Amino acid sequence: MRLVERYVLFYASVIVLSGLLLMVSGVKGIEIYYAVYLIEFLVALELFASFRQSLGRNLRPIIIVFLFGFAYTVAQRILQVLS
Amino acid sequence: MLYCDQCGKRIPDSLIEKLGQLDATEPHQERPVSNTAAGLAEAVQLGRSSDAASSSARVAGPSDSSAKSEAGTMARGQQMHYASAGAPPSMLAGRQRILGVSLVIFGVLIAVASTLIGADNLSGLGLASFLIGLLLVYLNSRPSFTPEVVEASLLSSLVNVERIMCELGPRSKAIYLRIADRLDVPMVFIPLEMNPVPPAGLTLTGEDRLLVVDSGDSHKTGLLLEAPGASLLALMEKELSLNFIDLGNEDFLNAIRSGMVDSLEVAAEVKGSVTNDGARLRIRDGALSSLSRSISRLAPNVASRLGCPVCSAAICATAKAVKKDVIVEEVTHQSGVHSVILRFGGGSADETS
């Protein structure tokens with residue numbers, strides 16, 4: 001199995017497991033799921049990119065999209081607190 | 001376009017076709033192929049199925065394109081590979097894309113459904129499905145190349161090196177020169193003088209000529225080439241973000257293993273041992289197995305004296321790590337395994353395996 005495929009499989013297993021765990025724990029806020037998935041994505045990437053730096057470079061656009069999403073949820077929460 | 005290696009004349013296409021038709025009507029038998037125009041044509045028509053055919057066909061005319069003549073063999077090899085693997089890479093990529101798009105749609109549907117029925121905690125799983133799908137679609141949209149494309153792009157240049165070696169070099173042992181600086185490109189020296197015992201410590205740093213002539217020392221007259229695996233080593237170092245020159249004798253074998261097996265996936269397994277006098281490496285073929293096979297068939301001198309790009313990258317890494325000249329004693333490519341025996345040009349190295 002190629003490194004990229006291993007990475008996708010690893011990440012998929014991790015987020016499905018953590019998603020189920022959060023669901024069982026009764027977490028309802030989508031932004032919490034999002035933050036957990038983002039952290040897992042970055043940790044998995046760091047683990048796999050030690051073997052191949054180009055994997056990190058290739059996934060940079062996805063990281064940027066993820067971070068924009070995160071910034072959006074944070075901004076929403078800030079507005080919610082302020083109002 | 002093919003040329004007779006004896007008279008140098010072009011072999012007419014009609015003759016090749018005629019021979020092909022004759023060959024198709026006659027039952028296929030193993031027979032030696034002579035080094036003539038007819039033999040050459042026959043080798044082409046037989047798809048260079050035997051080593052004898054390919055070695056005789058190698059000394060063709062100036063416009064003989066190895067990639068072109070190899071296309072039949074490669075296509076056949078590809079078909080066999082797909083037959084055993086189940087589906088060609090493009091079909092697998094298509095399936096991955098479909099899976100990715102399905103996961104994205106599934107994720108969106110779950111998120112919408114969870115909002116509608118008020119089950120908020122389900123939206124987390126919907127988000128997970130959406131993200132996995134997005135990742136699959138994105139990774140699939142990046143260009144990737146099959147080993148056959150890599151093989152086709154490399155083979156002609158290596159066959160040219162083979163022709164230069166056949167023309168100029170006797171069967172002397174190649175020497176990978178010591179790398180003193182981290183920015184140095186690994187170079188390999190092939191003495192034109194027969195060298196049963198090559199000199200320890202060549203001082204060829206700063207040389208940028210292809211043909212080095214030293215009237216004082218015949219051992220220092222020869223071909224100076226960039227190692228076939230130099231670029232592969234550079235890529236390996238870039239991917240691992242390390243430089244082999246910084247590694248000790250204990251660490252470089254592990255670094256070669258990570259670089260070739262985990263990072264570049266050009267090998268399935270790397271084993272080796274290092275002693276004071278030399279090193280032995282055993283590399284099991286990975287994705288580029290067909291390239292190694294083609295090189296050992298079409299460029300036997302390059303394969304056995306310099307090593308195929310995979311072996312050569314490992315030798316370059318060794319030369320860089322031990323910081324000594326490395327003499328290639330033996331390189332063999334048999335049944336998917338590359339065996340490399342190296343001797344160091346003096347100095348000391350600790351036993352490692």
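## A tour from the chain interface to the sheet of chain B

Select chain A and chain B together: 24 residues of chain A are in contact with 21 residues of chain B, where contact requires that the C-beta atoms of two residues, placed from the backbone, lie within 7 Å. The model is a predicted one, in which local features need pLDDT of at least 70 and side-chain atom pairs count only at pLDDT 80 or more, while totals for chains, interfaces and linings use all residues. Residues are numbered from 1 along each chain as its sequence is written, and chains are lettered from A and ligands numbered from 1 in the order in which they are written.

Stay on the side of chain A that touches chain B, and colour helix 1 (3-24), helix 2 and helix 3 (53-58) of chain A, the elements that give two or more residues to this side; helices (H or I, at least four residues) and strands (E, at least two) are DSSP runs, numbered from the N terminus. Helix 1 of chain A supplies the largest share, 10 residues. By class, this side of chain A has 16 nonpolar, five polar and three charged residues, with Ala, Val, Leu, Ile, Met, Phe, Trp, Tyr, Cys and Pro counted as nonpolar, Asp, Glu, Lys and Arg as charged, and the others, Gly among them, as polar.

Next, select residues 30-49 of chain A and residues 122-141 of chain B, which are helix 2 and helix 6 of their chains and pack at an angle of about 35° with their axes 9 Å apart; axes are lines fitted to C-alpha atoms, for helices over the stretch in contact, and angles run from 0 to 180 degrees between N-to-C directions. Show I30(A), Y33(A), Y34(A) and Y37(A) on helix 2 of chain A, and S123(B), G124(B), L127(B), A128(B) and L131(B) on helix 6 of chain B, since these residues make the contact. Seven of the residues in this contact are nonpolar, two are polar and none is charged.

Now move to chain B alone, where eight strands form an open antiparallel sheet in the order 5-6-4-3-9-10-8-7; two strands pair if DSSP finds at least two bridges between them. Strand 5 (211-212) and strand 7 (267-274) of chain B are at the edges with a single partner strand each, so one side of each has no neighbour in the sheet.

Finally, select strand 9 and strand 10 of chain B, which pair in the antiparallel sense over eight bridges, with H333(B) facing its bridge partner H338(B) in strand 10. Two residues lie between these strands in their hairpin, where S335(B) takes a positive phi near 40°.
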